[in-house]
Amino acid sequence: MLRRLADQFEISSAAHVAANGIERDADWFLLKLQEEMGELTQAWNRLTGRGRAKGRSPEEMQRDLADETADLLGHLLLFARSNDIDLAAAIERKWLFQPAEAPKS
């Protein structure tokens, strides 16, 4: 599932960078993660009253938070994809996930 989602982000990202003349080198993927984390932090600060609302309603700020979270996830998946990381396997290993048990009939 993560690999398919990463492929979808890749299609969108590749179209965006091609349309805007952006070169994605090895550093680009990590730098975009940092940029998106900053934008997520900014959205959080606005929503929680730690930053200026800039005329945004609470609903708009909540949507901004969701949008920036989606951007961060997308760029994380792009980073993993560009570095040939099996993110699903790494998550299971790192977070010590146990295999799901089959439902008993």
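Leaving aside neighbours within four places in sequence, which residues is E36 in contact with? In this predicted model, the partners of E36 are E68, D71, L72 and H75. E36 lies in helix α2, and the residue counts as buried because its relative accessible area is 4%, under the 20% limit. That makes α2 a good place to start the tour.

**Helix α2 and its two sides**

Helix α2 covers residues 26–47. Its buried residues are W28, F29, K32, L33, E36, L40, A43 and R46. They sit on the same side of α2, because the arc they cover around the axis is only 150°. The face turned away from that buried side carries the exposed residues A26, D27, L31 and Q34. Among the elements covering the buried residues of α2 are α1 (2–20) and α3 (58–82). After α2 comes G49, with a positive phi near 80°.

**Helix α1, told the same way**

For α1, the buried residues are A6, E10, S13 and V17. Their arc around the axis is only 85°, so they too fall on the same side of their helix. R4, I11 and A19 are exposed on the other side of α1. What do the buried residues of α1 pack against? Their packing partners are α2 and α3. Just after α1, G21 takes a positive phi of about 65°.

Here is how the lengths of these two helices work out, at 1.5 Å a residue:

| Helix | Residues in helix | Expected span | C-alpha end-to-end distance |
|---|---|---|---|
| α1 | 19 residues | 27 Å | 27 Å |
| α2 | 22 residues | 32 Å | 33 Å |

In α1 the distance between the end C-alpha atoms agrees with the expected span, and the end-to-end distance of α2 agrees with its own expected span as well.

**The nonpolar core**

Nonpolar side chains tend to be buried together in soluble globular proteins. Which residues make up the largest nonpolar core here? The set has 5 residues in all: L33, L40, A43, L65 and L72. Two or more of its residues come from each of α2 and α3, and α2 gives the largest share, 3 residues. Looking at one member more closely, L40 touches L65, E68, T69 and L72, not counting residues up to four places away in sequence. L72 and E68 also appear among the contacts of E36.

**How α1 meets α3**

Two packed helices are described by the angle between their axes and the distance between the axes. The axes of α1 and α3 come within 9 Å and cross at roughly 100°. An angle from 65 to 115 degrees counts as roughly perpendicular, so α1 is roughly perpendicular to α3. On the α1 side, the contact is made by L2, L5, A6, D7, F9, E10 and S13. The α3 side brings A70, G74, L77, L78 and R81. Of these contact residues, A6, E10 and S13 also belong to the buried set of α1.

**A stop at α4**

Finally, helix α4 (residues 87–94) contains A89. Is A89 buried, exposed or partly exposed? A89 is partly exposed, because its relative accessible area of 31% lies between the 20% and 50% limits. From A89 to H75 the C-alpha distance is 18 Å, and the two residues are 14 residues apart in sequence. H75 brings us back to the opening question, as one of the contacts of E36.

Technical notes:
Residues numbered from 1 in each chain as written. Predicted model: local features only at pLDDT ≥ 70, side-chain atom pairs only at ≥ 80, totals over all residues. Heavy atoms only, no water. Helix = DSSP H or I, 4+ residues; strand = E, 2+ residues; numbered from the N terminus. Expected span 1.5 Å × (residues − 1). Buried < 20%, exposed > 50% of the residue type's maximum accessible area, 1.4 Å probe, protein only. Arc of directions from axis to C-beta. Contact = heavy atoms within 4.5 Å. Core = buried A, V, L, I, M, F, W, Y, C linked by side-chain atoms within 4.5 Å. Axes fitted to C-alpha atoms, helices over the stretch in contact; angles between N-to-C directions. Parallel < 35°, antiparallel > 145°, perpendicular 65-115°, else oblique.
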